[in-house]
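Here's a quick briefing to read with the model open in your viewer. It starts with one working term, then goes from the whole chain down to single residues.

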Amino acid sequence: MSETSDRSREFEAIVEAYERSGGDPSALLDRRFASLVVSGNKVLSSNSVPGVVLEGQETETGVRAYVKVEPGTKVPFPVHLCFGVLPQEGLQEIISEFEVGEGAKVKFLAHCFFPNATNVRHIMDSRVHVGQGAEMEYSETHFHGRRGGTEVVPRTQVEVEAGGRFRNQFKLVTGRVGRLDIDLEARLMERAVCDLEVKVYGKEDDEIKVKESVYLDGEGARGLVRSRIVVTEEARSEVLGEIVGNAPFTRGHVDCVEIVQGERAKAKALPLLQVSDPTAKLTHEAAIGSVDKRQVQTLMARGLSEEEAVDVIVEGLLK
């Protein structure tokens, strides 16, 4: 069988997995949408549109991706990114660079899926630069299988120039987490805004670690760090939300909510605030609790099992 035929079959499998993870497969085939599809260390599809350049270079263990949005470009449709590993075992290293030019506006929809993983390691090393007055939104959804054999290690460095806006959403609520270790650091210049949000549902012996740090380095910069983590059975989570106010009139807030269901599940929330300017104002709110028993009993009275009732309540929290 030819390599072209192999890649075509793999692309079809990736598109199917993309749809199961909540993505719109038609967007990967429509030339109006900028998109990049990666399976393992293969670039199966890459489509650039006016004002948006997408480049993918295959490496021995993954892909180097470069994304550039030209200054002043208002991208009318979301840019779709797919990263997946279909075999049970493998290593995928994605090294990416995002350059959003001055005054540009763009939204990325990223889907990562490892449906059959028993021993898959997915490493992301990203550099993001949001130009002056530009806006970038990055929404990442993960779809994992039920075996818990996935290790996801994202490392992200973000710089937002004066008046720029950056929003990042990470969601992993389908399938087992396996092991997750997020580390994101954002630096904001004058009047820049940053909004970070993580939602994760851990089960069995999943391990979840999240560290998100926002440095308010420019006058009037604002940052928000939010997390919603649920751990059940023997799962464990540790969340560190950090904001540092280094400039005058900066504002920041850390909001952590963790739900523990089960005697062996463990959760830790660590909001960390630092200021080096007397006009900076930072606040935090952290809560760790359990699923409301009365809500569980109400749903069980309507025919659900206890596990199904907990899932319904958790899904409502994570929406």
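Contact here means heavy atoms within 4.5 Å. With that in hand, take Met 136: leaving aside neighbours within four places in sequence, Met 136 is in contact with Phe 98, Val 100, Val 106, Phe 108, Val 128, Val 130, Arg 165, Phe 166 and Arg 167. Keep in mind that this is a predicted model.

**The chain as a whole**

- The protein chain has 3 helices and 19 strands.
- Its radius of gyration is 20 Å, which agrees with the value near 20 Å that a compact globule of 319 residues would have.
- Along the principal axes, the C-alpha atoms fill a box of roughly 55 × 55 × 35 Å.
- Of the 319 residues, 51% count as buried.
- If you look at contacts between residues at least 6 apart in sequence, 79% of them join residues at least 24 apart.
- About 14,900 Å² of the chain is exposed, and carbon and sulfur atoms supply 45% of that area.
- On the charge side, there are 40 positive and 52 negative side chains, and the centres of the two sets lie 3 Å apart.

**Nonpolar cores**

- The largest nonpolar core has 67 residues, and the members that touch the most others are Leu 81, Phe 108 and Met 136.
- There's also a second, separate core of 12 residues, with Ile 14, Val 15, Cys 82 and Phe 143 among them.

**Strand E6, from Glu 89 to Val 100**

- Strand E6 covers residues 89–100, and Glu 89 lies in it.
- Glu 89 has a relative accessible area of 54%, so it's exposed, the cut-off being over 50%.
- Not counting neighbours within four places in sequence, Glu 89 is in contact with Thr 118, Asn 119 and Val 120.
- For a long-range yardstick, Glu 89 and Gln 297 are 208 residues apart along the chain, and their C-alpha atoms are separated by 40 Å.
- Val 100 is found in E6 too, but at 1% relative accessibility Val 100 counts as buried.
- Outside a window of four places in sequence, Val 100 touches Val 69, Val 106, His 129, Val 130, Gly 131, Ala 134, Glu 135 and Met 136.
- Val 100 and Pro 71 are 29 residues apart along the chain, with 7.1 Å between their C-alpha atoms.

**Val 85 and Arg 121**

- Val 85 sits in the loop between strand E5 (79–84) and E6.
- Being in a loop doesn't put Val 85 on the outside: its relative accessible area is 5%, so it's buried.
- Leaving aside neighbours within four places, the contacts of Val 85 are Gly 40, Gln 92, Phe 113, Phe 114, Pro 115 and Val 120.
- One of these, Phe 114, is 29 residues from Val 85 in sequence, yet the C-alpha to C-alpha distance is 5.3 Å.
- Arg 121 lies in strand E8 (residues 119–130) and is partly exposed, with a relative accessible area of 35%.
- Arg 121 and Val 85 are 36 residues apart in sequence and 9.2 Å apart in space, C-alpha to C-alpha.
- Beyond four places in sequence, Arg 121 touches Gly 90, Leu 91, Gln 92, Glu 151 and Val 153.

**A buried acid: Asp 255**

- Asp 255 has its place in strand E17 (residues 251–261).
- Is Asp 255 buried or exposed? It counts as buried, because its relative accessibility is 12% and the cut-off for buried is under 20%.
- With neighbours within four places left out, Asp 255 is in contact with Val 225, Arg 226, Ser 227, Arg 228 and Glu 285.

**Two positive phi values**

- As background, most residues other than glycine have a negative phi.
- Arg 191 has a positive phi, near 60 degrees. Its place is in the loop between strand E12 (179–188) and strand E13 (193–202), and at 52% relative accessibility Arg 191 counts as exposed.
- Glu 233 also has a positive phi, near 55 degrees. Glu 233 is found in the loop between strand E15 (222–232) and strand E16 (236–245), and is partly exposed, with a relative accessible area of 45%.

Definitions and conventions:
Residues are numbered from 1 along each chain as its sequence is written. This is a predicted model: local features need pLDDT of at least 70, side-chain atom pairs count only at pLDDT 80 or more; totals for chains, interfaces and linings use all residues. Side-chain values use heavy atoms; hydrogens and water are left out. Helices (H or I, at least four residues) and strands (E, at least two) are DSSP runs, numbered from the N terminus. Buried means under 20% relative accessible area, exposed over 50%, partly exposed in between (1.4 Å probe, protein chains only). The radius of gyration is taken over C-alpha atoms; the globule rule is 2.2 Å times the number of residues to the power 0.38. Accessible areas come from the Shrake-Rupley method with a 1.4 Å probe; for residues, only the protein chains shown count as cover. Lys and Arg count as positive and Asp and Glu as negative; His and the chain ends are not counted. The place of a charge is taken as NZ of Lys, CZ of Arg, CG of Asp or CD of Glu. A nonpolar core is a set of buried Ala, Val, Leu, Ile, Met, Phe, Trp, Tyr and Cys residues joined through side-chain atoms within 4.5 Å.
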